[in-house]
Every structure is written in C-alpha cells, then in structure tokens.
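Visitor: I would like a close look at a single part of this structure. Could you pick one element and walk me through its surroundings?

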Amino acid sequence: MSGTSRPQFVLFGSSIVQFGFYGEGWVANLAHVYARKADIINRGYSGWNTRRALQVVEKVFPKDARVQPSLVIVYFGGNDSSFPDPSGFGTGVPLEEYVENLKKIINHIKSLSETTRIIVLSTPPINDEVLNRQFARSNGKPSRTNETCQVYSEACLDLCEDMNIKAIDMWTTLQKVDKWQDACFIDGIHLSPLGNKLVFKEIMKVLKDAEWKPSLYWKSLPSEFGEDSPYDPFFDDGRPYNNISNWILPGNEHWE
C-alpha cells in the first residue's frame, strides 16, 4: 500500500468492468487520466449477476474500512437479463428481483460515507445475431435478446432516478453509432475500442457536470506531488519551472 493518500475510485460489476483494462478499455482510460489524481480499483467479475454481487458487496465494500471510496461505478444487468434456464442454473434474474438487488447494492454503497458518490451503468445493447450464434443454448433458443436488455436498462434507469443516483443509459448511447452492432462490440456483447470510448466519454461527462463537493472531475483534483521543483524539465525558455504534473498524453485537450 502506498504511503500517500489519493481518492479511490472503485469499479464494481461484471465482464464489462473486469475486461475494462483490455485494449483501449474505459477502465484503462480512467486509470490513465487519473494516474496522479486517484487510484482506480477494478472489482469486476465476469459472468456475475446481482445475486452474486449481493453475496459479496459487504466484503468488497466493508463499512469499517479505514478509507472509503470517493466514487463507485456499478454495472450489473446484462447477465441478469438472460432468459431463465429450465435447470434453474445460470445468470438470469427476474426483473423485479434484479431491481431489488440493485437497490440493495446501491444502498450499501451509499451507507459507506457521506462523500461516496455513485454512477450506475445501465444494461447495454447486444448484437443478437452474433451473440446467439456463439452462445445460443442447446435447444437453439437465444440466451438473451436486445429487447430484454432494453427492459433491464430502463428498469435500472428508473431506479436510479427514484434514488437520485447518477446513471448512464448505455442501451441508448451505444445504439446512436452507425452500424453499432459491429462497431461497438467485438463479439456481440463485449465492448470494442469504440464502445469503450463512448462509455468513457459518458462517465467523464457525468464527472464534469456533477455538482459534487468536492468535484471528482480530473481537472479539479490536484496532482500528487504537483508542486514546482527545480528538478522539473528545463526547456531554456526563460521559465524557472516547467511543471508538467498536470499534463496527460497525448495532450490534455484530448481528454476534455
């Protein structure tokens, strides 16, 4: 554990969270932008639904932790929206139970501290044709459809509105892209670089526009050890210091 103290951003969800560092993932971009400003902690569990999340939420977010997260981004819903299997196994969770489970998860996170902020990602769309070609059940029926994803997405958004929680409409956002079925996914369900870029952009917009005190937007947070130093790079341009502690590749304007 580092001896310095930064805000903690914890990402709690299923595969879209776990694989968020892959390629040009949205989690990787968050970690890049906040590299000197906040610690990005990935708690993603591929294949999980809200039932499994409820089993561990108090272990992932213990109330007696010395430091509580400043931000938690929550995503569950895609696996929940799967059709139930006659065997009783699988990830599908009835809609009413999904909403109740998600409410319990949010309430627990809200209870951690008065300054713990929450953003919830709703269920994204899927490419029905590709997903069910790869993951159709043995009887040939689809494991889920984009129509059911919409139902779970809207239920999530309604819950967040009722609870006054920031939420991102993933189902609508990704479908604004031309030929989104192929452009936003690598396998019909997991995000492509473009899909990740859109999710990251929406998260950054929420962080910028939220009237939270303190603000968690990257430009509002101090960079660790960001004071001027005689050991800053010297460019022989007449300035005594060339403090680059707030500079982010490929340039700050790229992340506006």
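Guide: Happily; what follows is a tour of strand 1 and the contacts around it. Please keep in mind that this is a predicted model.

Strand 1 spans residues 8-13, and it is mostly covered, with six of its six residues buried. In a regular strand the side chains alternate between the two faces of the sheet. Here Gln8, Val10 and Phe12 point one way, while Phe9, Leu11 and Gly13 point the other way, and all are buried.

Now look at the neighbours along the backbone. Strand 2 covers residues 39-44 and runs parallel to strand 1, with six bridges joining the two. One of the partners to look for is Gly44, which is the bridge partner of Gly13. Strand 3 also pairs with strand 1 in the parallel sense, over five bridges. In that pairing, Val74 of strand 3 stands opposite Phe12.

Phe12 deserves a longer stop. The structure holds nine aromatic pairs, and a pair of this kind is described by the distance of the centres and the angle of the planes. For Phe12 and Phe61 the ring centres are 5.4 Å apart and the planes stand at 85°, so this pair is edge-to-face. Because Phe12 belongs to strand 1 and Phe61 to the loop between helix 3 (50-60) and strand 3 (71-75), the pair ties together parts that are 49 residues apart in sequence. Both Phe12 and Phe61 are buried.

A second partner of Phe12 is Phe76: their ring centres are 5.1 Å apart with the planes at 80°, so this pair is edge-to-face too. It links distant parts of the chain, since Phe76 sits in the loop between strand 3 and helix 4 (95-110), 64 residues from Phe12. Phe76 is buried, as is Phe12. Widen the view a little and you will find one aromatic cluster formed by Phe12, Tyr45, Trp48, Phe61 and Phe76.

Next, step back to the segment before strand 1, where Arg6 lies. Arg6 is partly exposed, with a relative accessible area of 21%. The structure holds four salt bridges. In one of them Arg6 joins Asp39, and the closest N and O atoms are 3.6 Å apart. Asp39 is in strand 2, so this contact ties together parts that are 33 residues apart in sequence. Asp39 is partly exposed as well, at a relative accessible area of 31%.

Arg6 also meets Glu224 in a salt bridge, at 2.7 Å from N to O. Glu224 belongs to the segment after helix 9, so here the parts tied together are 218 residues apart in sequence. With a relative accessible area of 17%, Glu224 counts as buried, because the cut-off for that class is under 20%. Taken together, Arg6, Asp39 and Glu224 are linked in a network of salt bridges.

To return to where we began: strand 1 has parallel partners in strand 2 and strand 3, Phe12 takes part in an aromatic cluster, and Arg6, in the segment before the strand, belongs to a salt-bridge network.

How values were computed. Residues numbered from 1 in each chain as written. Predicted model: local features only at pLDDT ≥ 70, side-chain atom pairs only at ≥ 80, totals over all residues. Heavy atoms only, no water. Phe/Tyr/Trp six-rings, centres within 6.5 Å; stacked < 30°, edge-to-face > 60°. Helix = DSSP H or I, 4+ residues; strand = E, 2+ residues; numbered from the N terminus. Buried < 20%, exposed > 50% of the residue type's maximum accessible area, 1.4 Å probe, protein only. Pairing = 2+ DSSP bridges. Salt bridge = Lys/Arg side-chain N within 4 Å of Asp/Glu carboxyl O.
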